[in-house]
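Let us walk through this structure one helix pair at a time, then turn to the largest pocket.

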Amino acid sequence: MTPGEFGSFLLVSAILAWVPGPTIALIAANSLRNGFAAGFAAVVGTQVGYLLWLTFGVFTLGFVSTD
């Protein structure tokens, strides 16, 4: 994977991570229903999930490269 491809992947991943969606609904629902601690746990859990997704994507896209 070239540095340009990697940079593009990081940019798209960051945009997708920032777009509101089901994750925001989960965090809001947990926070409103169970309080700050549950909302914070949801934030930490989703961010760990994003990190795993990003790591998996980086390593698997390296094998797909046509170079």
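This is a predicted model. Start with helices α1 and α3, which are roughly antiparallel to each other. Their axes cross at roughly 155°, and an angle over 145° counts as roughly antiparallel. Helix α1 covers residues 3-18, and helix α3 covers residues 36-64. The two axes come within 11 Å. The crossing of α1 past α3 is right-handed.

Which residues of α1 and α3 meet? From α1 come F6, F9, L10, S13, L16 and A17. From α3 come Y50, W53, L54, G57, V58 and L61. By class, the residues of this contact are 10 nonpolar and two polar, with no charged residue.

Now take the second pair. Helix α2 spans 22-34. The axes of α2 and α3 lie 6 Å apart, and the packing angle is about 160°. That angle makes α2 roughly antiparallel to α3, since the cut-off is 145°. Here too the crossing is right-handed, with α2 passing α3.

The α2 side of this contact consists of T23, L26, I27, N30, S31 and N34. The α3 side consists of F36, A38, G39, A42, V43, T46 and Y50. The residues of the contact between α2 and α3 divide into seven nonpolar and six polar. Charged residues are absent from it. Y50 of α3 is thus worth a second look: it meets α1, and it takes part in the contact with α2.

Y50 also leads to the largest pocket. How much space lies in that pocket? The volume is about 330 Å³. Its lining counts 18 residues. Nearest the centre of the pocket lie A14, A17, W18, Q47 and Y50. A17 of α1 is familiar from the contact with α3.

Which helices supply the lining? α1, α2 and α3 each supply at least two residues. The most come from α1, which gives six. As for class, the lining holds 14 nonpolar and four polar residues. No charged residue lines the pocket. Charged residues are likewise missing from the contact of α1 with α3 and from the contact of α2 with α3.

Conventions:
Residues numbered from 1 in each chain as written. Predicted model: local features only at pLDDT ≥ 70, side-chain atom pairs only at ≥ 80, totals over all residues. Heavy atoms only, no water. Axes fitted to C-alpha atoms, helices over the stretch in contact; angles between N-to-C directions. Helix = DSSP H or I, 4+ residues; strand = E, 2+ residues; numbered from the N terminus. Parallel < 35°, antiparallel > 145°, perpendicular 65-115°, else oblique. Left-handed = near helix turned anticlockwise from the far one by under 90°. Contact = heavy atoms within 4.5 Å. Nonpolar A, V, L, I, M, F, W, Y, C, P; charged D, E, K, R; others polar. 1 Å grid on protein atoms, 1.4 Å probe; cavity = no way out; pocket = protein on both sides within 12 Å on 5 of 7 lines; lining within 4 Å. Points joined across faces, edges and corners; volume = space filled by probe spheres on them.
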